[in-house]
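This report concerns side-chain contacts, with attention to aromatic rings and charged groups. Please consult the sequence and the structure shown here alongside the text.

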Number of protein chains: 2
Amino acid sequence: MLDRLFGVLADPTRRRLIETLVQDGPRTATELAADFTISRQAIVKHLQVMADAGMVAAEREGRDVRYRATTECLADAVGWLLTTGPKWDRRLDRLSAATRRRSD
Amino acid sequence: MLDRLFGVLADPTRRRLIETLVQDGPRTATELAADFTISRQAIVKHLQVMADAGMVAAEREGRDVRYRATTECLADAVGWLLTTGPKWDRRLDRLSAATRRRSD
DNA sequence: TGGTTGTGCAACCAACCGGTTGCACAACAT
DNA sequence: ATGTTGTGCAACCGGTTGGTTGCACAACCA
């Protein structure tokens, strides 16, 4: 799970895809491809990897497939950073403490 | 930078290496190799990638090379998560707010 | 000095990855 | 019914990656 999550985050194209979906809302692969230099199929491949990691969801609308950024999927990533990080970096320690204090 | 950082985090062996170094303190490659099933050279390769990402530092002591987890290297990773995440997940939004409030 | 132990370097391998192209098929518009 | 447009699938390609083995060399120990 963490593997796929961080794996997605490790690729700049994938980060850009996420940012786009988060800022501009759900888009289809062909729409997204217009903003990128790579082909639609390459985009689709990325989106499938991302869907596999639980970071986007594919929703069919007639002929189109609209991809939406999935919320709450970063919990594991942040979780790992905040459990391993503190012993490591005092700044993260404070951040981790802040999380515990403000969690609901 | 983010690429290499998340790239390191995406590999379970590398995460285990980090956890080991963080918890048990600096270790040499041969020492580490004893706790893993893979060869020393494989460990060294991982450590080099991690050093390249600024997550560990290699320090020579006579014949040995001791690897130490580098502090403050997660700043960029956490930074990205906390800038992109908030628009995405309300829980991260609160966390981000907490960071800004408590930063020094 | 000679043996032991740790590191460094290089070659090699199979598998994976990011990307491409080509084409079939499904759905919409006219 | 026909043309257009979006999706899905598969093959293919070069580069990277995680791992191996073998060996040379440097440093410590006796």
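The sections below describe aromatic pairs, charges over rings and salt bridges in a predicted model.

## Aromatic pairs

Over all chains, the count comes to 3 aromatic pairs. One of them joins A:Phe6 and A:Trp80 in an edge-to-face arrangement, with 6.3 Å centre to centre and 80° between the planes. This pair links distant parts of the chain, since A:Phe6 belongs to helix α1 (residues 2-9) of chain A and A:Trp80 to helix α5 (residues 75-84) of chain A, 74 residues apart. A:Phe6 is buried because its relative accessible area is 0%, under the 20% limit for that class. A:Trp80 also counts as buried, at 7% relative accessibility.

A:Phe6 further pairs with B:Phe6, and here the rings are stacked, at 6.1 Å centre to centre and 25° between the planes. This contact crosses between chains, running from helix α1 of chain A to helix α1 (residues 2-9) of chain B. B:Phe6 is buried, with 0% relative accessibility. Ring pairs thus connect A:Phe6, A:Trp80, B:Phe6 and B:Trp80 into a cluster.

## Charges over rings

In chain A, A:Arg16 lies over the face of A:Phe36, 3.9 Å from the ring centre. In chain B, B:Arg16 lies over the face of B:Phe36, at 3.9 Å from the ring centre.

## Salt bridges

The whole structure contains 10 salt bridges over all chains. One of them pairs B:Arg15 with A:Asp3, whose closest N and O atoms are 2.7 Å apart. This salt bridge crosses between chains, from helix α2 (residues 12-24) of chain B to helix α1 of chain A. B:Arg15 counts as buried at 9% relative accessibility, whereas A:Asp3 counts as partly exposed at 29%.

Within chain A, A:Arg4 forms a salt bridge with A:Asp52, the closest N and O atoms being 2.9 Å apart. The two residues stand 48 residues apart in the chain, with A:Arg4 in helix α1 and A:Asp52 in helix α4 (residues 40-52). A:Arg4 is partly exposed, at 39% relative accessibility.

## Further charged contacts in chain A

A:Arg68 and A:Glu59 meet through their side chains in a salt bridge of 2.6 Å, N to O. A:Arg68 is partly exposed, with a relative accessible area of 32%, and A:Glu59 is likewise partly exposed, at 31%. In addition, a network of salt bridges links A:Glu31, A:Glu61 and A:Arg66.

Conventions: Residues are numbered from 1 along each chain as its sequence is written. Chains are lettered from A and ligands numbered from 1 in the order in which they are written. This is a predicted model: local features need pLDDT of at least 70, side-chain atom pairs count only at pLDDT 80 or more; totals for chains, interfaces and linings use all residues. Side-chain values use heavy atoms; hydrogens and water are left out. Rings of Phe, Tyr and Trp (its six-membered ring) pair if their centres lie within 6.5 Å; planes under 30 degrees apart count as stacked, over 60 as edge-to-face and the rest as tilted. Helices (H or I, at least four residues) and strands (E, at least two) are DSSP runs, numbered from the N terminus. Buried means under 20% relative accessible area, exposed over 50%, partly exposed in between (1.4 Å probe, protein chains only). A charge sits over a ring if NZ of Lys or CZ of Arg is within 6 Å of the ring centre and within 35 degrees of the ring normal. A salt bridge is a side-chain nitrogen of Lys or Arg within 4 Å of a carboxyl oxygen of Asp or Glu.
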